[in-house]
Amino acid sequence: MTPVQIAVTGAAGQISYALLFRLIAGDLLGPDQPISLRLLEVPEAIDGLRGVEMELHDCASPLLRDIVISDNAETVFDQADIAFLIGARPRGPGMERKDLLQVNAEIFSAQGKALNRMAKRTVKVLVVGNPANTNALITLKNAPALNPSSFSAMSRLDHNRAVSLLALQCGCLVSDVQRVAIWGNHSSTQYPDLSHARVRGERALALLGQDWFANEFIPEVQQRGAKVIQARGKSSAASAANAAIAAMRDWIKGTPEGDWVSMGVQSDGSYGIEAGLIYSFPVTVEDGDYRIVQGLEISEFSRARMSLSESELKEERAMVQHLL
Ligand code: NAX
């Protein structure tokens, strides 16, 4: 079987450390599909990445065919089938949000160009590095030869957090929960929406009430990343890697009948969200193509929150306009 070429950026970082070993265990593509890993890092991190390479080989995985390590994006994206764009610059001391957007915009515009030149035309690109939605927009805009639907920003960790929190509150299994949606930006303006959610077929809001939803559930999901940092002293890593695998697996293999997942994808104007923005929507996937779920009723409560996150994304876009 031909190996699938999987590119991972920020490969020496903590999310990648949780991701790479699961990839070679077959968690993404199953126990029979061989894979080649193509790993990108900044020059200073290449030595550390050599240690990760040794550990990957030391797993003696029958699925791992080879590992390419480079600080050159074109080398890493050459013939890539799948790309996880995880590497990004964290916010440094004294750095404003605008500066953070700017340095990352430059990274992702260069990587967009490299994908445009080198990746397979059928590549699927999942942007994890923050600010993920705007980074995905920049990557897509710098890769005009690729289909815009090849790019997604990861909102799956937020989605999984919301599903899990709802299941805990109801005392039910995660598998009893359906139709949770994350709308908007992967930031604290995201709108985790239970308006359409079902728990064992019953409306979640009828079980739990608007008050819990508005005053506990929404802020808890929005602030979950910050709470993990507070407790662990580091940002979410294993749960982020798990979400990246789940997001890519569903994008390739499809979503279950009767349910959806949340993905940051290019808006086509659905639900009045400005076309072109990378915005998290509920989507279904069939044959490798996502489709934004249509026809959901949007209450005034939801609309206000969806618009707030849309405005934040427009502001972010304005700050990096010169790279689009
Ligand atoms: P780490 O700081 O552990 O790793 C990042 C790695 O990226 C570093 O090894 C660094 O050398 C590398 N890097 C920096 N610039 C690069 C470039 N131009 N090319 C290649 N590699 C480069 O961060 P980690 O905890 O792994 O998080 C990575 C990113 O994911 C961060 O931006 C983080 O904010 C973001 N997250 C996104 C989430 C999401 O749900 N979308 C959740 C988890 C996480 O917070």
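Is Arg200 buried or exposed? Arg200 is exposed, with a relative accessible area of 57%. The model behind these exercises is predicted.

**Exercise 1. Find the salt-bridge partner of Arg200, and say which parts of the chain the pair ties together.**

Step 1. Look for the partner. Arg200 forms a salt bridge with Asp176. The closest N and O atoms are 3.4 Å apart.

Step 2. Test the distance. The cut-off for a salt bridge is 4 Å, and the pair has 3.4 Å.

Step 3. Place both residues. Arg200 sits in the loop between strand 10 (198-199) and strand 11 (202-203). Asp176 sits in the loop between helix 6 (156-170) and strand 7 (177-178).

Step 4. Conclude. The two residues are 24 residues apart in sequence, so the salt bridge ties together separate parts of the chain.

**Exercise 2. Describe the sheet that contains strands 7, 10 and 11.**

Step 1. Give the order. This open sheet of three strands runs 7-10-11, with antiparallel pairing.

Step 2. Find the edges. Strand 7 and strand 11 each have a single partner strand, so one side of each has no neighbour in the sheet.

Step 3. Zoom in on one pair. Strand 7 and strand 10 pair in the antiparallel sense over two bridges. Val177 stands opposite Val199 in strand 10.

**Exercise 3. Trace the chain from strand 2 to strand 3, and give the handedness of the crossover.**

Step 1. Check the pairing. Strand 2 (residues 35-40) and strand 3 (residues 64-70) pair in the parallel sense, over six bridges.

Step 2. Pick out a facing pair. Ser36 stands opposite Asp66 in strand 3.

Step 3. Follow the path. From strand 2 the chain passes through helix 2 (residues 46-58) to strand 3. This β-α-β crossover is right-handed.

**Exercise 4. Arg117 and Arg317 each form a salt bridge with a Glu; locate the partners.**

Step 1. Recall the principle. Side chains of opposite charge can pair when their charged atoms come close.

Step 2. Take Arg117. Its partner is Glu74, with the closest N and O atoms 2.8 Å apart. Arg117 lies in helix 4 (residues 97-118) and Glu74 in helix 3 (residues 73-77), 43 residues apart. Arg117 counts as exposed, at 57% relative accessibility. Glu74 counts as partly exposed, at 28%.

Step 3. Take Arg317. Its partner is Glu274, and the closest N and O atoms are 2.8 Å apart. Arg317 lies in helix 10 (residues 300-319). Glu274 lies in the loop between strand 12 (261-266) and strand 13 (278-286), 43 residues from Arg317. Glu274 counts as partly exposed, at 30% relative accessibility.

Step 4. Widen the view. Glu274, Glu310, Lys314 and Arg317 are linked in a network of salt bridges. The structure has 12 salt bridges by the rule used here.

**Exercise 5. Which residues of helix 1 are buried, and where on the helix do they lie?**

Step 1. List them. In helix 1 (residues 14-23), Ile15, Ser16, Leu19, Leu20 and Leu23 are buried.

Step 2. Use the arc. These residues cover only 115° around the axis, which puts them on the same side of helix 1.

Step 3. Recall helix geometry. An α-helix has 3.6 residues a turn, so residues three or four places apart point the same way.

Step 4. Find the cover. Among the elements over the buried residues of helix 1 are strand 1 (4-9), strand 2, helix 2, strand 4 (82-85) and helix 9 (238-253).

**Exercise 6. Name polar contacts made by the side chains of Ser262, Thr189 and Asn133.**

Step 1. Start with Ser262. It lies in strand 12. Ser262 counts as buried, at 2% relative accessibility. A polar contact of 2.8 Å joins its side chain to that of His159.

Step 2. Go on to Thr189. This residue is in the loop between strand 8 (181-183) and strand 9 (191-193). Buried means under 20%, and Thr189 has 16% relative accessibility, so it counts as buried. Its side chain makes a polar contact of 2.6 Å with the side chain of Glu312.

Step 3. Finish with Asn133. It lies in helix 5 (residues 132-141) and is buried, at 3% relative accessibility. A polar atom of its side chain lies 3.2 Å from the backbone oxygen of Gly184. The backbone nitrogen of His186 is 3.1 Å from a polar atom of the Asn133 side chain.

Notes: Residues numbered from 1 in each chain as written. Predicted model: local features only at pLDDT ≥ 70, side-chain atom pairs only at ≥ 80, totals over all residues. Heavy atoms only, no water. Salt bridge = Lys/Arg side-chain N within 4 Å of Asp/Glu carboxyl O. Helix = DSSP H or I, 4+ residues; strand = E, 2+ residues; numbered from the N terminus. Buried < 20%, exposed > 50% of the residue type's maximum accessible area, 1.4 Å probe, protein only. Pairing = 2+ DSSP bridges. Right-handed = clockwise from strand over helix to strand, strands pointing away. Polar contact = N/O pair within 3.5 Å; in protein donor to acceptor, adjacent residues only side chain to side chain. Arc of directions from axis to C-beta. Contact = heavy atoms within 4.5 Å.
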